[in-house]
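Here are some exercises to work through with the model open in your viewer. Try each task before you read its solution.

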Amino acid sequence: MSAVPAQASASSEWEGLDRRQVVELVLPGAAIGLLGGTIAGGLAAAGGLSPALAIFSIITLGLPLAAVGAYYDVLLAKGRVPLGPLTPMALVWLVGFPVCRIFHAVALALFDSSDVVVPNGWLDFVVYNILLSIPFSIGFWWLHENFAPRWWMRLEDHNPVAYRFMASLINSVERRQGGSPDARLKGLAGMQERRLRRREERRQRRGGH
Amino acid sequence: METTDRPSGPGDGAGQTAVVEEERVWRAGKLPPMPIRKLPEPPEAAHIIGPAMILVALGVGFGETFLWPRLVIVFGPEIRWLFLVGVLVQTVVMLEMARYAMATGESIFFGAARIAKPLMWGFFAIAILVYVWPGHMSGGATALEELTGIPWQLSASIGLIVIGIMFTVVTYIYNLIEVLLAVLVGVLVIGSAIVGAIVGSLSDLGDALLGTVRVDSGIPSEALTATWFPLVVGALAFAGPSGMQQMWYTLWLRDKGAGMGVHIPRVRGLLHAGEEETVPNAGHMFDTDDREEMRKWNGWQKWVRYDAILLFFGITMLVTIIFTVLAMNAARVNPEARTALLEGEKDAALTAMGNAFGQAAGILDPVFFIFIAIVGFKASIGLFDAFARGQSDMTYYFMPGAKKFKMAQLYAIYLWGVIIFGVIILNFGPADGPTAILDTLAFLSTFVMGAYCLTLAAVNNKNLPKRIRPNPIITGVLVLGGLGYLFALFYSLLKFGVAELG
């Protein structure tokens, strides 16, 4: 029997998901993207600009950023990008962030009926936002790496992709524990302990089945 | 590796041969030797974010958001090469602190005690002198008052008490710290990128980046005056983590379970002190003659380099460059900020910069203060935990009678001690305002940074096995960095007679 390549296996797993499972998986990336838009809108509101402009800002920047963030999670789920490294994520935002900003700038200009969309010219604007995609992607990666695994832990019982993510994270912990019988690994192993404890509790609630 | 023979088993004297076990130990200094234990497998770099995150959370603070933008407004972006030098030295310090903590599971304080106990007690005393002052919380509260009108003493006092309650009730304090600071740092980084994208321009970014490497521009002559040189020295100390934050990094590494830290129990909240495991008398060492152990050690080094260079150096530089862009934009739009600073109105600088940001984009007047408020609160979270952690560590191991208490109890004593003192100072202390507190902190911080650089060079070269000691270049950077901090500080003091560095 030949081994199924990992990516093909991940893709077929993705094909088998229902809508709810897909929404669950893209939630971390979408939420972080929306956070960026909320910051822009929050600034506008705190700065005394009209509530309408603040909400418009959240929608025109937050929703595109959320869409790109969700797209990254889709790539992860399909196995097109590996779990963890920053570079693939940065490449997604290298294109995604300037596109979102272009949309945001044009939308604001239309809302304001302004003749000037970008004061320093389009080339300046695009290059500048490509460069700023780097800190944005680092901030995105930071939040994603810290909090997405906690979300996946809640999903893994009914979501095979989340289960695969957690298994990948935990397997690296088990390899380390196997090599050091007298060592106790904290951090991610603590997460494994909680995960195993929750599974046991759920099994007992179901009467041991 | 030295071997000590130690008999085990009951042995009844002349008629019975005792079974002799060999326990291998590593001796360093006059303190208890470190038993040889196995090093755990290192993590793959991407999966476990290390305690550098906490250093970033603390390091990206007033230096980056206030002190350096203030210097840029006055002297232009070309002065920022000094910042780069400061952060490079801090990156090397971080890697070397990690070397000791991962190799032994001991804090750098314990390592200093192995060289000479008075050295450790010196750091113990300096920590109290430097960190009982609620400078960061009061600075953040001042920014909050600008926004909301809430008296800074009230919000700062409430903030201190909230921090104390949080650290008392949790099971494992490090886990809470990590979550809180992860959120705040993530918001800060993403927020900086968004604000920078909306407000800044490519030319400002280019000037900021170029200024960071313009070593040839030297130090402007105006910066060498009595008015500004002390402030430059203070800003240098606040580039990246300041004061004793790097020393506390060794404690967080241990609690995270990095390297040999995995053999030391975690610090618990006071309410869970009863569950605390037995704390060993000393750290441990791994067998550096074992090829498999050295493979794992190289993996741990790789992990911490990733942590240090990407997270620490990368994020610190990115956020400060963005704030430099904002400062340059603000100064161009509102020259009053620069005028206020040149006239020596340091206390007015905060308001002036906030107003300058506000006029620059029409929406940023509150933003600057929101960032400062976040910075003040998150810095206090990390600093109070770190202070309590470091002091309780030194007390437990070296103060006679302290082992009657659990580590969690000692931690709680120091935590609530510094909080209560902070509340008293905020409400009844000197009426100089928050800037004065920051000034004192900056002076003593610079001194302790020089001291720990030199201590670290000695600790890693004397306490560690030869195979894992730092190379001469790294040792040279530590020594030169330490001497640099001390020279700049005492030059400021003796030449200008000024100790106010804030």
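The exercises below concern a predicted model, and each comes with a worked solution.

**Exercise 1. Sizing up chain A**

Find how many helices and strands chain A has, and what share of its residues is buried.

Solution. Start with the secondary structure: chain A has 7 helices and 0 strands. Reading from the N terminus, you get α-α-α-α-α-α-α. Next, burial: of the 209 residues in chain A, 38% are buried. Last, look at the contacts between residues at least 6 apart in sequence: in chain A, 69% of them join residues at least 24 apart.

**Exercise 2. How far to trust chain A**

Work out what the mean pLDDT of chain A is, and where pLDDT stays under 50.

Solution. The mean pLDDT of chain A comes out at 79. Then check the per-residue picture: 74% of the residues in chain A reach 70 or more. Now go to residues 178-189 of chain A, where pLDDT stays under 50. For that stretch the model has 30 contacts beyond four places in sequence.

**Exercise 3. A helix pair in chain A**

Take helices H4 and H5 of chain A and decide how they are oriented to each other: roughly parallel, roughly antiparallel, roughly perpendicular or oblique.

Solution. First, pin down the helices: H4(A) covers residues 86-112 and H5(A) covers residues 122-155. Their axes are 7 Å apart and make an angle of about 130°. Then apply the cut-offs: angles over 145 degrees count as roughly antiparallel, and 65 to 115 as roughly perpendicular. The angle of about 130° falls in neither range, so H4(A) and H5(A) are oblique to each other. As for handedness, H4(A) passes H5(A) in a right-handed crossing.

Now see who does the touching. On the H4(A) side, the contact includes Leu86(A), Trp93(A), Phe97(A) and Arg101(A). On the H5(A) side, Ile130(A), Phe136(A), Phe140(A) and Trp141(A) are among the residues involved. By class, this contact has 14 nonpolar, 3 polar and 1 charged residues.

**Exercise 4. A helix pair in chain B**

Say which residues of H4(B) and H5(B) meet, and how they divide by class.

Solution. Begin with the geometry: H4(B), residues 108-115, and H5(B), residues 117-131, pack at an angle of about 145°, with their axes 5 Å apart. From H4(B) come Phe109(B), Ala112(B), Ala113(B) and Ile115(B). They meet Lys117(B), Leu119(B), Met120(B) and Phe123(B) of H5(B). Sorting these residues gives 7 nonpolar, no polar and 1 charged.

**Exercise 5. Two aromatics in chain B**

Decide whether Trp26(B) and Tyr452(B) are buried or exposed, and find what Tyr452(B) is in contact with.

Solution. Set the scene with the whole chain: chain B has 18 helices and 3 strands, and buried residues make up 58% of its 502 residues.

Trp26(B) belongs to strand E2, residues 19-26. Around Trp26(B) there are 22 other C-beta atoms within 10 Å, and the cut-off for burial is 20 or more, so Trp26(B) is buried. The C-alpha atoms of Trp26(B) and Ser138(B) are 46 Å apart, with their positions 112 residues apart along the chain.

Tyr452(B) sits in helix H17, residues 434-462. Tyr452(B) counts as buried too, because it has 27 C-beta neighbours inside 10 Å. Setting aside neighbours within four places in sequence, Tyr452(B) is in contact with Gln246(B) and Met247(B). Leu478(B) is 26 residues from Tyr452(B) in sequence and 9.1 Å away in space, C-alpha to C-alpha.

Terms used. Residues numbered from 1 in each chain as written. Chains lettered and ligands numbered in written order. Predicted model: local features only at pLDDT ≥ 70, side-chain atom pairs only at ≥ 80, totals over all residues. pLDDT = per-residue confidence, 0-100. Contact = placed C-beta atoms within 7 Å. Helix = DSSP H or I, 4+ residues; strand = E, 2+ residues; numbered from the N terminus. Buried ≥ 20, exposed ≤ 12 C-beta atoms within 10 Å, placed from the backbone. Axes fitted to C-alpha atoms, helices over the stretch in contact; angles between N-to-C directions. Parallel < 35°, antiparallel > 145°, perpendicular 65-115°, else oblique. Left-handed = near helix turned anticlockwise from the far one by under 90°. Nonpolar A, V, L, I, M, F, W, Y, C, P; charged D, E, K, R; others polar.
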